[in-house]
Amino acid sequence: MGSLWPVADHASVRLAESFYEHLTAYQSTGVAHALHHAVSELRARHPDRPSLWASPVHIGP
């Protein structure tokens with residue numbers, strides 16, 4: 001998991017909190033699923049600011 005560019009601290013904190021909440025609640029679905037949900041939540045909060053939610057990437061299983 002990484003970011004394609006630097007992102008504002010507030011957005012990174014929200015993304016990380018949401019990511020780990022989903023990861024611990026739904027361990028069997030994996031990292032990619034947790035990241036998808038975290039990005040979706042951030043996108044819903046800031047639909048007009050893709051610079052905040054479009055940078056996270058997941059590579060691997």
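Me: Let's start with a term: buried means under 20% relative accessible area, exposed over 50%, and partly exposed in between (1.4 Å probe, protein chains only). Which residues of α2 are buried?

Reply: This is a predicted model, in which local features need pLDDT of at least 70, side-chain atom pairs count only at pLDDT 80 or more, and totals for chains, interfaces and linings use all residues. Residues are numbered from 1 along each chain as its sequence is written, and side-chain values use heavy atoms, leaving out hydrogens and water. Helices (H or I, at least four residues) and strands (E, at least two) are DSSP runs, numbered from the N terminus. In α2, the buried residues are Ala34, Leu35, Ala38, Val39 and Leu42.

Me: What arc do they cover around the axis?

Reply: An α-helix has 3.6 residues a turn, so residues three or four places apart point the same way. Here the arc is that of the directions from the helix axis to the C-beta atoms. The buried residues lie on the same side of α2, because they cover an arc of only 130°.

Me: How far apart are the end C-alpha atoms of helix α2?

Reply: The expected span of a helix is 1.5 Å times one less than its number of residues. Helix α2 (residues 31-45) has 15 residues, so 21 Å is expected, and this agrees with its end C-alpha atoms, which are apart by 21 Å.

Me: Which helix gives the largest share of the largest nonpolar core?

Reply: A nonpolar core is a set of buried Ala, Val, Leu, Ile, Met, Phe, Trp, Tyr and Cys residues joined through side-chain atoms within 4.5 Å. The largest one has 10 residues, among them Ala11, Phe19 and Trp53. At least two residues come from each of α1, α2 and α3. The largest share, 5 residues, is that of α2.

Me: How are the rings of Phe19 and Tyr20 paired, stacked or edge-to-face?

Reply: Rings of Phe, Tyr and Trp (its six-membered ring) pair if their centres lie within 6.5 Å; planes under 30 degrees apart count as stacked, over 60 as edge-to-face and the rest as tilted. The centres of Phe19 and Tyr20 are 4.9 Å apart and their planes stand at 75°, so the pair is edge-to-face.

Me: Is Ser55 buried or exposed?

Reply: Ser55 sits in the loop between α3 (50-53) and β2 (56-57). Its side chain joins that of Ser3 in a polar contact of 3.0 Å. Because its relative accessibility is 1%, Ser55 counts as buried.

Notes
A polar contact is a pair of N or O atoms within 3.5 Å; within protein, one must be able to donate a hydrogen and the other to accept it, and residues adjacent in sequence count only if both atoms are side-chain atoms.
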